[in-house]
Amino acid sequence: KIMNNGNLDQFRYPPEMAKKLLNHIPPFPLDVSTAAYYLKVTNIPYEDYLKHLSEHKVDFDILQKNILKEATQYNKTRYDIITLSIKSLINTHRDFDSILLFVSLLGSQSIPSDLLNLYKDKLAVDNFIYEAKKYSLVTEAPSSHLTRGIAIHRSTQEISLAYLTEKLNLSKNPQLLMKISEVLEKYMTYTIHNEDLSKMPFLINHCNIFLSHRYLLTDTIKSIIGIKLGCIYFYLGNYIKAKDLIEKGLTKLHASSAYHCGIIAQALVHLGMVYRELGNYEKARELLEQSLIVYTKYFSKDDIQIAPALEYLGITYRSLGNYQKAKELLEQSLVIYKKHLSNNQISCARALVYLGNVYRDLGDYEKAKELLEQSLIIYKTHFSNDHVGIGRALVYLGNTHKELGNAEESKHCLEQSLMIFKKYYSDNHPKVAWVLVNLGDAYKELGDYKKAKSCFKKSYKIYENQFGKHHIKAAWSLVNLAGVYKKLGNYKKAKGLLEQNLTTYEKSFGKNHIETARLLRDLGEIFLLERELITAENLITKSLKIFQENKHPESHTCLESLSDLYLKKALQSAKKGNTQQSQKFKQQSFTYLKQALKIVLKTSPKNSSHITRIQSKLKALEPL
């Protein structure tokens, strides 16, 4: 109506363009009227108007006032109205201008009060929120997202930032912005340290908005916040975004002080973890060892900052199959965490989880179980019962119960873990895929092949979408799926999946890795079932050699398979009438079983199903 003197039949802009304009300005009569009068008089494209509006330049504001005054005898623009309230607000307390600046630099919704409390005294923050609400500058954020928080209209926020940028002379006063960035970085570090996944999505939005104010921020601020933002993306499973942000931040930071060295070392740790999740274990190891070089140069050997580097290097060595080295590094990190226990309960719990998992890899299942249960006690004592760390601990505890022969308990732990992970992650998240593979393995042990098959297929689809079908994690899902096809008697399908992924395993893990040994054993067992005994024996023997070189107790599975193989040889010889050869093969089968029993008696509890199974086989062979 304003632009066409009340004539609605002809409109200067197409309707879709007008709607787009209205979506980008505050939805109030004053703002709509001001925009219409300005566009009518100046005839500029609406994109230019929006650009001027966002910049809050003095000349533009004066022109808007003059146009509005001529048209309506009213010259109070939104900028005037909001700044009048801001002036009244900041005059009531000396800290209110800096608190409002902090609020203006973040996302407009769900600004956590505890973040502002890190910046200024809680009483000052509470007073600020009370007074700002009186002026209708802020509102309470929805309680479903935060324990307590505030929201501010985007237009009000933009005007506040424009006003405070000039009033506080931010272009020549970087110290204030540096202090705010330090507080934001501290809050991010605290959130990452506690693996508080519920806060991370909101922090991503706040940090991206914060970093969008490029003209106000120094390269150092942008690098530090960018690195921490990359860490948050890592925890939420966006590994490519995490990698890009951390690498970008690292290229801009220089070791000009011990403080920056600490940030660089932390960035190397998280970048190493990103590469580990992406399946590049050697690159991960290289980056983590670089971080330790930086740490040991500038910090004492038992400084708390070094512990995460040792911890994550430990689990990377585990991925590389060096369990003894992994154990040593994790134990070192645990010693440091315990020395600083008051602020590191969660770190102790996490390190215990990883250490317990390594003991499982080393075959000490009782010790693994003990450490994992210790970690669960810490988590449940100091954190919520559905903390993501509990979900992680339950996966490893479930796997340990499986090794101990407690398949039902294993399934129970893994189903609990899946519920926790699905609370924090989407159904298509790599962490959910990880739990699904382990749960599928538990279902397979219990003979529920339909559920096992479903778990493995779902996990494969997630990994394929995230990383591609040739990634090691996608291969891991398919190798486990092959185990189900083997149980169902579809040996052709099982063999095809194993042979298809052997190259991926050897490339990612190495030819002498435990995971490669498992695949070779499983492939050998398929050939055994197909009665191709020569190929089967070669593959299983090759697998056994890898297990024995790594002093791994899972060698008992290869010995059991070789026992079955030699029993088949014995039966073949008996059919041919070669009794002496048959007896020799039976004796070899018996010997393999005795060797297997000796291993499981050392590593499994007395009621283990592994012991019962092998003893039953030995009893059947004794009369022979």
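Is Glu131 buried or exposed? In this predicted model, Glu131 is buried, because its relative accessible area is 14% and residues under 20% are classed that way. The side chain of Glu131 forms a salt bridge with that of Lys134, at an N to O distance of 3.3 Å. Lys134, by contrast, is exposed, with a relative accessible area of 51%. The two residues stand 3 positions apart in helix α8 (residues 122–134), so about one helical turn separates them.

The overall form of the chain was examined next. The protein chain contains 30 helices and 3 strands. Its radius of gyration is 32 Å, whereas a compact globule of 624 residues would have a value near 25 Å. Along the principal axes, the C-alpha atoms of the protein chain fill a box of roughly 115 × 65 × 40 Å. Of the 624 residues, 54% are buried.

One helix illustrates this burial. In α6, 10 of the 10 residues are buried, so the helix is largely enclosed by the rest of the structure. Among the buried residues of α6 are Phe96, Ile99, Leu100 and Phe102, and also Asp97, Ser98 and Ser104.

The loop between α6 (96–105) and β1 (111–112) contains Ser110. The phi angle of Ser110 is positive, at about 50 degrees, although this residue is not a glycine. Ser110 is buried, because its relative accessibility of 5% falls under 20%. A positive phi also occurs in Arg531, another residue other than glycine, with a value near 65 degrees. Arg531 is placed in the loop between α26 (514–529) and α27 (533–549). With a relative accessible area of 57%, Arg531 is exposed.

Charged pairs were then considered. Side chains of opposite charge can pair when their charged atoms come close. The whole structure holds 40 salt bridges. One of them joins the side chains of Glu311 and Arg350, with an N to O distance of 2.6 Å. This pair links distant parts of the chain, since Glu311 belongs to helix α16 (residues 306–319) and Arg350 to helix α18 (residues 345–361), 39 residues apart. Glu311 and Arg350 are both buried.

A further salt bridge connects the side chains of Lys617 and Glu560, at 3.2 Å from N to O. Here too, distant parts of the chain are linked: Lys617 is in helix α30 (residues 609–621) and Glu560 in helix α28 (residues 555–575), 57 residues apart. The partners differ in exposure, because Lys617 is partly exposed at 26% relative accessibility, while Glu560 is buried at 6%. Elsewhere, salt bridges that share partners join Glu515, Arg518, Arg521, Asp522 and Glu554 into one network.

Charge also gathers on the surface. A patch of positive charge there is made up of Arg214, Lys241, Lys248 and Lys252. Within this patch, Arg214 comes from the loop between α11 (200–212) and α12 (219–235). Arg214 is partly exposed, with a relative accessible area of 47%; this value passes the cut-off of over 30% used for patch members.

Methods: Residues numbered from 1 in each chain as written. Predicted model: local features only at pLDDT ≥ 70, side-chain atom pairs only at ≥ 80, totals over all residues. Heavy atoms only, no water. Patch = residues over 30% accessible without salt bridge, like charges linked within 9 Å, V, L, I, M, F, W, Y side chains within 5 Å. Areas by Shrake-Rupley, 256 points an atom, 1.4 Å probe, with all protein chains shown as cover. Salt bridge = Lys/Arg side-chain N within 4 Å of Asp/Glu carboxyl O. Lys, Arg positive; Asp, Glu negative; His and termini not counted. Charge placed at Lys NZ, Arg CZ, Asp CG, Glu CD. Helix = DSSP H or I, 4+ residues; strand = E, 2+ residues; numbered from the N terminus. Buried < 20%, exposed > 50% of the residue type's maximum accessible area, 1.4 Å probe, protein only. Rg over C-alpha atoms; globule rule 2.2 N^0.38 Å.
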